[in-house]
Amino acid sequence: MTVIHTVSSVPFDDRLERCVTTTEDGEVLAVAYRYRSELQPAPLPAVRPRLVWALLASGVAERICYGLAVVYFASFLQVTYNFSLAELALPLALVAVGNVFGTILGGQLADRLYDRLMTYAVFMVLSGVIALAVFFWHPNATVSIVLGFVYVLANALGRPSLMASLAAVPEQVRGTVLGYQGASASVGWIGAAGLGAMILSFGGFGGFGGGRSGGGGGGAAGGRGVVPGVLRPGFRGGAG
C-alpha cells in the first residue's frame, strides 16, 4: 500500500502546518499539526512615541469635526429652517445611519487598501470639503440633510483606518495606546462643544464650515504627513 503525506498551511495561523497521511484511494490514515521549524520569531517593531502622539492628535481633530456635526446639526436645522423638535427626528436618524454604514464600509476598506493612513487622510479631506457645503450652501432643508448624511458617512469611512493604525503596535503597549485613543476621542468631544459655542458667539453657523474643514485638514496632515513609518520601515498603518 502506498502512503501519501501532504503538508499544508493552517488558515488564520501561519505558524502551524497540517500534515495529512492518506492512501492512494484517499483514505485518511492520520492528521497531525506541527509548528513550522523554519519560522523564527519576528522582531518586535520599534515604537516611536512622538509619531504615535501625532496620530492621537489627528484623532482629536477627527472627533472635533464629527462632534461639531452631531452636537450642533440639530440647532442648525432649527435656526435655519425653523424645524420643530418632532421634525428633527428623521434628519438625526439619517445622520446616525450614515455613521453606521460609514464605519462598516470603512472597516472593509481598512482591510483591503494597502495604505490605511492614506485612506484616513483622503476621507478626512473629503469630509472637510463637504463641511463647507453643509453650512455655507443651504438652498433648502432637503439639501442640507443630504449633505449632513454624506458628511457623516465620509467622516466615518476613514475612522476604522485610524483605529487599525493605532492598534498596530506591539502587544506589550497596545492596551496603553488604545486607552489613549479613547481619551483622545473624549478630548475631541469636549473640544467640539467648546469650539462650537465660540463659533456661534462670533460668526453664527457660517463659521462651522471653516472650523470643520480646518479640522479635517489637520487630521489628514497628522495622519498622512507626519505619521508614516510610526512602527517600522514600510509601515502601512495596519497590523499585518
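The secondary structure of this protein chain comes to 6 helices and 3 strands. Walk along the sequence and you meet them in the pattern β-β-β-α-α-α-α-α-α. Keep in mind that what you're looking at is a predicted model.

**How sure is the prediction?**

The mean pLDDT of the chain is 76, and 65% of its residues reach 70 or more. Where is confidence highest, and where is it lowest? Helix α2 comes out on top at 94, while helix α6 (residues 206-226) sits at the bottom with a mean of 48. Over residues 209-220 the pLDDT is below 50, although the model still gives this stretch 33 contacts beyond near neighbours in sequence. Residues 225-240 also stay under 50, and there the model has 47 contacts beyond four places in sequence. So much for confidence; now for the chain as a whole.

**The chain as a whole**

The chain has 240 residues, and 42% of them are buried. Its accessible surface comes to about 12600 Å², with 66% of that belonging to carbon and sulfur atoms. If you take the contacts with a separation of 6 or more, 70% of them link residues 24 or more positions apart.

**Nonpolar cores**

In soluble globular proteins, nonpolar side chains tend to be buried together. Here, the largest nonpolar core has 21 residues. The ones with the most contacts inside this core are Phe 73, Phe 76, Leu 77, Tyr 81, Phe 83, Val 134 and Tyr 151. Which elements give two or more residues to this core? They are α1, α3 (116-136) and α4 (141-167). Helix α1 makes the largest share, with 8 residues. Apart from this core lies another one, of 10 residues, including Val 52, Leu 55, Leu 56 and Leu 162.

**A nonpolar patch on the outside**

Some nonpolar side chains show up on the surface too: Val 70, Val 71 and Trp 189 make a nonpolar surface patch of about 210 Å². Take Val 70, which lies in helix α1. Is Val 70 buried, exposed or partly exposed? Its relative accessible area is 33%, so Val 70 counts as partly exposed, because that value falls between the 20% and 50% cut-offs.

**Salt bridges**

Side chains of opposite charge can pair when their charged atoms come close. How many salt bridges does the model have? The count comes to 3, and here they are:

| Basic residue | Acidic residue | Closest N and O atoms |
|---|---|---|
| Arg 63 | Glu 62 | 2.9 Å |
| Arg 159 | Glu 62 | 3.1 Å |
| Arg 116 | Asp 111 | 3.3 Å |

Look at the pair of Arg 159 and Glu 62, whose closest N and O atoms are 3.1 Å apart. Arg 159 lies in helix α4 and Glu 62 in helix α1, so this pair ties together parts that are 97 residues apart in sequence. Both Arg 159 and Glu 62 are buried. Arg 63 and Glu 62 are both buried as well.

The salt bridge between Arg 116 and Asp 111 has one partner of each kind. Arg 116 counts as buried, at 6% relative accessibility, whereas Asp 111 counts as exposed, at 56%. Which residues are joined into one network by salt bridges that share partners? Those are Glu 62, Arg 63 and Arg 159.

**A closer look at Arg 63**

Arg 63 has its place in helix α1 (residues 49-81). With a relative accessible area of 10%, Arg 63 is buried, because buried means under 20%. Leaving out residues up to four places away in sequence, Arg 63 touches Asn 155, Arg 159, Ala 185, Gly 188, Trp 189 and Ala 192. Two of those names have come up before: Arg 159 belongs to the salt-bridge network, and Trp 189 helps make the nonpolar surface patch.

**And one more: Asn 99**

Over in helix α2 (residues 89-112) you'll find Asn 99. At 17% relative accessibility, Asn 99 counts as buried. What does Asn 99 touch, not counting residues up to four places away in sequence? Its contacts are Tyr 66, Val 152, Ala 156 and Arg 159. Arg 159 is a handy residue to click on in the structure: Asn 99 touches it, Arg 63 touches it, and it forms a salt bridge with Glu 62.

Definitions and conventions: Residues numbered from 1 in each chain as written. Predicted model: local features only at pLDDT ≥ 70, side-chain atom pairs only at ≥ 80, totals over all residues. Heavy atoms only, no water. Helix = DSSP H or I, 4+ residues; strand = E, 2+ residues; numbered from the N terminus. Buried < 20%, exposed > 50% of the residue type's maximum accessible area, 1.4 Å probe, protein only. Contact = heavy atoms within 4.5 Å. Core = buried A, V, L, I, M, F, W, Y, C linked by side-chain atoms within 4.5 Å. Patch = residues over 30% accessible without salt bridge, like charges linked within 9 Å, V, L, I, M, F, W, Y side chains within 5 Å. Areas by Shrake-Rupley, 256 points an atom, 1.4 Å probe, with all protein chains shown as cover. Salt bridge = Lys/Arg side-chain N within 4 Å of Asp/Glu carboxyl O. pLDDT = per-residue confidence, 0-100.
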